[in-house]
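The following exercises concern the reading of strand pairing, burial and backbone geometry from a structure. Each task is followed by a worked solution.

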Amino acid sequence: MKKDIHPKYYQCKVTCACGNSWIVGSTRKEISLDICSACHPFFTGKQKLVDTAGRVEKFRRKYGIKDKTTEAMEKKNKKDSK
Ligand SMILES: [Zn+2]
């Protein structure tokens, strides 16, 4: 390896918002994630919308698409507004 051109290599602790954490080799000491392989729907196989600010619901309402999720959300919103 050539001298003085390589960044320092750390045992990096990766932490996900779901609470999952693991160690990888990286040039950074710590990484925090919003989503990882333990909680991403692609890997869990569960249909779960990753919705950060009600954007999916907003889209569905805009185009009149209804499903269990939107119905539940609407019920909840009604309850909350009372
Ligand atoms: Zn995760």
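**Exercise 1.** Determine which residue Lys-13 stands opposite in strand 2, and describe the pairing around it.

*Solution.* Step 1: Lys-13 faces Ile-23 in strand 2. Strands here are DSSP E runs of at least two residues, and helices are H or I runs of at least four residues, both numbered from the N terminus. Step 2: six bridges connect strand 1 with strand 2, and the sense is antiparallel; two strands count as paired if DSSP finds at least two bridges between them. Step 3: the two strands make a hairpin with four residues between them, and Gly-19 in this turn has a positive phi of about 105 degrees.

The model is a predicted one, in which local features need pLDDT of at least 70 and side-chain atom pairs count only at pLDDT 80 or more, while totals for chains, interfaces and linings use all residues. Residue numbers start from 1 along each chain as its sequence is written.

**Exercise 2.** Establish the strand order of the sheet and explain why strand 2 and strand 3 each have one side without a neighbour.

*Solution.* Step 1: three strands build an open sheet in the order 2-1-3, with mixed pairing. Step 2: strand 2 (21–26) and strand 3 (30–33) are at the edges and have a single partner strand each, so one side of each lacks a neighbour in the sheet. Step 3: ignoring direction, neighbouring strands of this sheet are turned by 25 degrees against each other on average, where axes are lines fitted to C-alpha atoms and angles run from 0 to 180 degrees between N-to-C directions. Step 4: strand 1 (residues 10–16) runs parallel to strand 3, to which four bridges join it. In this pair, Thr-15 is opposite Ser-32.

**Exercise 3.** Is helix 2 buried or in the open?

*Solution.* Step 1: a residue is buried if 20 or more other C-beta atoms, placed from the backbone, lie within 10 Å of its own, exposed if 12 or fewer do, and partly exposed in between. Step 2: helix 2 (residues 55–62) has eight residues and the number buried is zero, so the helix lies largely in the open. Step 3: for the protein chain of 82 residues, 0% count as buried. Step 4: Gly-64, which follows helix 2, has a positive phi near 65 degrees.

**Exercise 4.** Locate Asp-4 and characterise its backbone and surroundings.

*Solution.* Step 1: Asp-4 belongs to the segment before strand 1. Step 2: although Asp-4 is not a glycine, its phi is positive, about 60 degrees. Step 3: Asp-4 is exposed, with 4 other C-beta atoms within 10 Å.
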